[in-house]
Amino acid sequence: MGIFSGIKEAQITGASKYLGPGQWYLKVKKCEVFESSKKKGRHFFLVEFETLESTDPHSVPGETRSWLVNLDQEAALGNIKAFALALTPDAQEADIDEEMVEELVSSENPAAGLEVRAEGVTRESKNGNEYTRFTWSSS
């Protein structure tokens, strides 16, 4: 049995760079929801973007960056609502409902090509872990 035995059955992971602190000008590539492969029953909302501009010195235009929301977190739905409002600048908060977000993550991928702005600020959770909090706005 060699060092690479089992590679034929191995699953490729969708590892990517995440948005970090700073100012971001982004184009949506896709929105999706998925269940964790490691913790069954845990779901995530994922948006992949093409970076158009950023103040992050480690970012380059054209690269893919992701925003991941753990749906188990208390703030998850509010964060997704803020993002959805930035995608639809003429919408009111009451317009963002379950049906609209289900459509965002559908196979039709209606948000692809839309541009948004994000400002990421590093915060500390109640547990003492750092995370990046985003404020979203239309482009």
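Two strands count as paired here if DSSP finds at least two bridges between them. Keep that in mind for the close-ups below, which come from a predicted model.

**View 1. An open sheet of 6 strands.**
Reading across the sheet, the order goes β1-β4-β3-β2-β5-β6, and the pairing is mixed. β1 (17–18) and β6 (130–138) sit at the edges with a single partner strand each, so one side of each has no neighbour in the sheet.

**View 2. β2 beside β3.**
Let's zoom in on β2 (22–35) and β3 (43–54). These two run antiparallel and are joined over 11 bridges. If you'd like one spot to look for, take Trp24: its bridge partner in β3 is Ser54.

**View 3. From β2 through β5 to β6.**
On to another partner of β2: it pairs with β5 in the antiparallel sense, over 6 bridges. Strand β5 covers residues 115–124, and it also pairs with β6, again antiparallel, over 9 bridges. Val116 is a handy landmark in this view. It is the bridge partner in β5 of Leu26, while the bridge partner of Val116 in β6 is Ser138.

**View 4. Ser66, tucked into β4.**
Is Ser66 buried or exposed? This residue belongs to strand β4, which spans residues 64–70. Its relative accessibility is 1%, and buried means under 20%, so Ser66 counts as buried. Who is around it? Setting aside neighbours within four places in sequence, Ser66 touches Ser16, Lys17, Tyr18 and Leu19, along with Leu46, Val47 and Glu48.

**View 5. Helix α1 across the strands.**
Helix α1 takes in residues 76–87. Which strands does the helix lie across? They are β2, β3, β4, β5 and β6, and α1 runs at about 30° to β6.

**View 6. The largest pocket.**
Here's some empty space to explore: the largest pocket has a volume of about 960 Å³. A total of 24 residues line this pocket, and those nearest its centre are Asn70, Gln73, Asn79, Tyr131 and Thr132. Where does the lining come from? β4, α1 and β6 each bring at least two residues to it. Which of the elements gives the most to the lining? That's β6, with 6 residues. By character, the lining splits into 11 nonpolar, 8 polar and 5 charged residues. So β6 turns up twice in this tour: as an edge strand of the sheet, and as the top contributor to the pocket lining.

Conventions. Residues numbered from 1 in each chain as written. Predicted model: local features only at pLDDT ≥ 70, side-chain atom pairs only at ≥ 80, totals over all residues. Heavy atoms only, no water. Helix = DSSP H or I, 4+ residues; strand = E, 2+ residues; numbered from the N terminus. Contact = heavy atoms within 4.5 Å. Axes fitted to C-alpha atoms, helices over the stretch in contact; angles between N-to-C directions. Buried < 20%, exposed > 50% of the residue type's maximum accessible area, 1.4 Å probe, protein only. 1 Å grid on protein atoms, 1.4 Å probe; cavity = no way out; pocket = protein on both sides within 12 Å on 5 of 7 lines; lining within 4 Å. Points joined across faces, edges and corners; volume = space filled by probe spheres on them. Nonpolar A, V, L, I, M, F, W, Y, C, P; charged D, E, K, R; others polar.
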